[in-house]
Structures are given as structure tokens and as C-alpha cells.
Amino acid sequence: MRIPPPKKRIDTPGSVKLMVDKMVATPALQLADVFPPFAWTFGKGDLMHWVPVLNHFDAFFETHVAAREDEDANKNSPQTGFASASFPAEPTRWIVRASCVILENCANKHVYDSCEHLGLLLSCDDAQVALDAL
């Protein structure tokens, strides 16, 4: 579920704003190719600064994870759900790991609202994706 924008204006540090803008401008399927493994270099942060990125990740989850839950319910075809060759495992792993790094380094974790997608990833056939979702 997407995080609503903050009601009150929050000043975002320049380096964080630059990274947020770059990540949001990059298609989610290409994040793993464009960025190295996400590392925190910003000091203690506020999750509200990262809302656009988390919403970008959530849009990816809605397209590639939540949609597969419906497909898994109809297991008539071998090419549906998380077992499908078309499931974007690497971008999913990058997004889950980047989300974890952001959450580990920011206050206001209570606004994070993508737990249902992470729960769905626990049933992924790719063991590394399932482990990263933990």
C-alpha cells in the first residue's frame, strides 16, 4: 500500500533528495542494473524523506508480486506465479534489500506499509527472494 505524502513540509537533505530523485526516475526493473548494492551514506535519516522511493517500490510490488498472488491461486498453468520464468527475481531482491537498508537507517518506520508484499514473497520459489523478504 502506498504511503501518503506528509501533511507537513519536510526539508530533505540535498544528498538524500538527489538519490531519491535518481531512484524514482529509474524504472524499477532496471534499479539492480543501474545502481550497485544500495549502501547507506546519509547519516541518521527520516523515512518520510524516502516516501517517493518506497512508493516507487510499492508500485513494482503491486505489478510483480500482488498480481502473482492471483496467478498462484489459479495453478492450472505451469508458467504462472512466482515459479514463472518471467518473475523478476533480481530486481525484487534489490528492492527488498534497499528497503531494508532504508528502514534500518531511518526514524518513523511505522509509516512503512509494504509488509503484505513481503509476506507474499515468503512463498516465492526463489529461495534467496524468500530469505531476503524475511
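Good morning. A residue is called partly exposed when its relative accessible area lies between the limits for buried, under 20%, and exposed, over 50%. With a relative accessible area of 38%, C100 is therefore partly exposed. C106, by contrast, is buried, at 0%. I should say at once that the structure under discussion is a predicted model.

I remain with the cysteines for a moment. A disulfide is a covalent bond between the sulfur atoms of two cysteines. How many disulfides does the structure hold? The number is zero.

I turn next to the interior. The largest nonpolar core has 37 residues, and the members that touch the most others are F38, W50, F57, W94, I102 and L121. Two or more residues come from each of the helices α1 (14-25), α3 (51-73), α4 (89-104), α5 (115-121) and α6 (127-133). Which element gives the most to this core? That element is α4, with eight residues.

F57 deserves a closer look. When its neighbours within four places in sequence are set aside, F57 is in contact with M23, L31, W94, I95, A98, S99 and I102. W94 and I102, both on that list of contacts, are also among the core members that touch the most others.

Now to the charged residues. Side chains of opposite charge can pair when their charged atoms come close. Across the whole structure, four salt bridges are found.

I begin with the one in helix α1. Here K17 pairs with D21, and the closest N and O atoms are 3.2 Å apart. Within α1 these two residues are separated by four positions, about one turn of the helix. Are K17 and D21 buried or partly exposed? K17 is partly exposed, with a relative accessibility of 42%, and D21 is likewise partly exposed, at 37%.

In helix α4, E90 forms a salt bridge with R93, with 2.7 Å between the closest N and O atoms. These residues lie three apart in α4, again about one turn of the helix. The two ends of this pair fall into separate classes: E90 is partly exposed, with a relative accessible area of 48%, whereas R93 is buried, at 15%. The value for R93 is under the 20% limit, and R93 therefore counts as buried.

R93 has a further partner. D132 forms a salt bridge with R93, the closest N and O atoms being 3.3 Å apart. This pair links distant parts of the chain, since D132 belongs to helix α6 and R93 to helix α4, 39 residues apart. Through shared partners, salt bridges join E90, R93, R97 and D132 into one network.

Some of these residues appear again at the largest pocket. Its volume is about 160 Å³. Which residues line this pocket? The lining consists of A32, F35, P36, P37, F38, E90, R93, W94, R97 and A98. Helix α4 gives the most to the lining, with five residues. Three members of the salt-bridge network, E90, R93 and R97, are thus found in the lining, together with W94 and A98, which are contacts of F57.

I close with the segment before α1, where D11 is found. D11 is exposed, with a relative accessible area of 59%. Along the chain D11 and M48 are 37 residues apart, and their C-alpha atoms are separated by 9.8 Å.

Thank you for your attention.

Technical notes:
Residues are numbered from 1 along each chain as its sequence is written. This is a predicted model: local features need pLDDT of at least 70, side-chain atom pairs count only at pLDDT 80 or more; totals for chains, interfaces and linings use all residues. Side-chain values use heavy atoms; hydrogens and water are left out. A disulfide is a pair of cysteine sulfur atoms within 2.5 Å. Buried means under 20% relative accessible area, exposed over 50%, partly exposed in between (1.4 Å probe, protein chains only). A nonpolar core is a set of buried Ala, Val, Leu, Ile, Met, Phe, Trp, Tyr and Cys residues joined through side-chain atoms within 4.5 Å. Contact means heavy atoms within 4.5 Å. A salt bridge is a side-chain nitrogen of Lys or Arg within 4 Å of a carboxyl oxygen of Asp or Glu. On a 1 Å grid over the protein atoms alone, a cavity is a set of points where a 1.4 Å probe fits but cannot get out, and a pocket is an open set with protein on both sides within 12 Å along at least five of seven lines; lining residues have an atom within 4 Å of a point. Grid points are joined across faces, edges and corners, and a volume is the space filled by probe spheres set on the points.
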